[in-house]
Amino acid sequence: MRFPLNTPLGRMGIESLDETPGHCVASIPTAGLLNPLTGAPTLAPLAMLVDHTGGLVNHSRRPAGTWTVSSELAIEFAPDADELLASAPQTPVIATGTMFGPTVSAPLAVCELTHDGRPVATATVRSVYIAAPDHTVEWPDDAGAGDLPPTLTERMSVQVAESGGATKTLRQLSDSVVNNMLGIVHGGISAAALELVASAALNTEGTDLRTGSLRVNYLRQFQGGTHARYEGTAIRVGRTTAVADAQAIGDDGRTALLARLTAYR
């Protein structure tokens with residue numbers, strides 16, 4: 001099943017392959033997608049796929065009268081993930097999400113990502129229950145016509161705000177298409193953007209550091225706007241490993257998401 005192009009899942013090209021309670025299989029295309037801050041191929045879109053599959057698994061087993069929101073997202077990438085995607089760029093990445101452990105106050109889902117049958121990443125999504133909202137944004141039934149936007153900046157509705165200096169910044173534009181059913185920026189969009197700014201902060205002056213792991217904490221609701229942005233800063237760059245921190249900052253100046261990225265040569 002394809003999602004409408006005027007939804008965050010459709011905008012990112014996600015297709016649902018199988019959905020049953022506690023189980024979700026979906027895919028995402030990655031061909032031609034580049035980090036707008038560095039111009040290099042990126043693994044960032046896989047965060048969107050993880051948030052969707054893992055989040056849906058947790059959401060499918062929520063108790064009556066509740067809703068779920070992501071609390072943590074973590075991805076461990078295969079050392080050759082970049083090469084695998086480059087070897088067959090037109091082949092989408094497939095994620096299989098399943099529930100892990102009992103349904104308690106903070107349900108956990110595990111996701112295994114493959115590309116052409118080979119492992120690309122393993123990931124987890126932890127959610128928390130909230131009271132079911134009185135109103136949610138209904139996504140349209142009509143998938144519509146047209147092609148996916150060609151660039152990540154267009155798909156994610158972000159804009160390069162600062163590419164020089166130690167801190168790398170992307171603005172999150174106000175765009176209902178990238179919002180979830182609660183009317184806030186989809187957690188997968190935000191996680192992908194945090195990977196983009198964090199990896200850009202590490203890859204300056206021609207360095208070649210590959211993302212090894214990404215961990216994201218969701219602190220509060222995040223909406224696009226005039227001052228909404230993602231900032232990434234290098235913490236340490238060594239001979240073989242490097243670490244960067246990133247955050248999503250709302251229009252009110254408060255940090256909504258935090259992330260730590262570890263990269264390797």
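**Exercise 1. A charged residue and its partner**

Decide whether Arg11, at 11% relative accessibility, is buried or exposed. Then find its salt-bridge partner and place the pair in the chain.

*Solution.*
Step 1. The model is a predicted one.
Step 2. Buried means under 20% relative accessible area. Arg11 has 11%, so Arg11 counts as buried.
Step 3. Look for a carboxyl partner. Asp175 forms a salt bridge with Arg11. The closest N and O atoms are 3.5 Å apart.
Step 4. Locate both ends. Arg11 belongs to helix 1 (residues 8–11), while Asp175 sits in the loop between strand 8 (167–172) and helix 5 (187–202). The two are 164 residues apart, and the pair links distant parts of the chain.
Step 5. Put the pair in context. The structure holds seven salt bridges.

**Exercise 2. One glutamate, two arginines**

Work out which residues are linked with Glu72 in a network of salt bridges, and state how exposed each member is.

*Solution.*
Step 1. Recall the principle. Side chains of opposite charge can pair when their charged atoms come close.
Step 2. Take the pair of Glu72 and Arg126. Their side chains meet in a salt bridge of 3.7 Å, N to O. Glu72 is in strand 3 (residues 66–77) and Arg126 in strand 6 (residues 118–131), so the bridge ties together parts 54 residues apart in sequence.
Step 3. Take the pair of Glu72 and Arg215. Here the closest N and O atoms are 3.2 Å apart. Arg215 lies in strand 9 (residues 210–218), 143 residues from Glu72.
Step 4. Join the pairs. Glu72, Arg126 and Arg215 are linked in a network.
Step 5. Check exposure. Partly exposed lies between the limits of 20% and 50%. Glu72 has 24%, so Glu72 counts as partly exposed. Arg126, at 31%, is partly exposed. Arg215, at 43%, is partly exposed too.

**Exercise 3. Into the core**

Name the residues with the most contacts inside the largest nonpolar core, then list what Val216 touches beyond its sequence neighbours.

*Solution.*
Step 1. Size the core. The largest nonpolar core has 62 residues.
Step 2. Find its hubs. Leu113, Met156, Val216 and Tyr230 have the most contacts inside it.
Step 3. Ask which element contributes the largest share. That is helix 5, with 10 residues.
Step 4. Turn to Val216 and leave out neighbours within four places in sequence. Val216 is in contact with Ser71, Glu72, Leu73, Ala191, Leu194, Leu257, Leu258 and Ala259.
Step 5. Spot the link to Exercise 2. Glu72, a member of the salt-bridge network, is among the contacts of Val216.

**Exercise 4. Checking a helix**

Test whether the end-to-end distance of helix 2 (residues 45–60) agrees or disagrees with its expected span, and judge how enclosed the helix is.

*Solution.*
Step 1. Count. Helix 2 has 16 residues.
Step 2. Apply the rule. The span is 1.5 Å times one less than the number of residues. For helix 2 that gives 22 Å.
Step 3. Compare. The end C-alpha atoms are 23 Å apart, which agrees.
Step 4. Check burial. 14 of the 16 residues are buried, so helix 2 is largely enclosed by the rest of the structure.

**Exercise 5. Hairpins**

For three strand pairs, give the sense of pairing, the number of bridges and one facing pair.

*Solution.*
Step 1. Strand 1 (residues 15–20) and strand 2 (residues 23–28) run antiparallel, joined by five bridges. Glu15 stands opposite Ser27. Two residues separate the strands, and Gly22 in the turn has a positive phi of about 80°.
Step 2. Strand 10 (residues 229–237) and strand 11 (residues 241–249) run antiparallel over eight bridges. Thr233 faces Asp245. The hairpin has three residues between the strands.
Step 3. Strand 11 also pairs with strand 12 (residues 255–264), antiparallel, over nine bridges. Ala242 stands opposite Ala263. This hairpin has five residues between its strands, and Gly253 takes a positive phi near 85°.

**Exercise 6. Positive phi outside glycine**

Locate Asp116 and Ser157, each with a positive phi, and contrast their exposure.

*Solution.*
Step 1. Asp116 has a phi near 55°. Asp116 is in the loop between strand 5 (108–115) and strand 6.
Step 2. Ser157 has a phi near 55°. Ser157 is in the loop between helix 4 (152–156) and strand 7 (158–162).
Step 3. Compare accessibility. Asp116 is exposed at 53%, whereas Ser157 is buried at 7%.

Key: Residues are numbered from 1 along each chain as its sequence is written. This is a predicted model: local features need pLDDT of at least 70, side-chain atom pairs count only at pLDDT 80 or more; totals for chains, interfaces and linings use all residues. Side-chain values use heavy atoms; hydrogens and water are left out. A salt bridge is a side-chain nitrogen of Lys or Arg within 4 Å of a carboxyl oxygen of Asp or Glu. Helices (H or I, at least four residues) and strands (E, at least two) are DSSP runs, numbered from the N terminus. Buried means under 20% relative accessible area, exposed over 50%, partly exposed in between (1.4 Å probe, protein chains only). A nonpolar core is a set of buried Ala, Val, Leu, Ile, Met, Phe, Trp, Tyr and Cys residues joined through side-chain atoms within 4.5 Å. Contact means heavy atoms within 4.5 Å. Two strands pair if DSSP finds at least two bridges between them.
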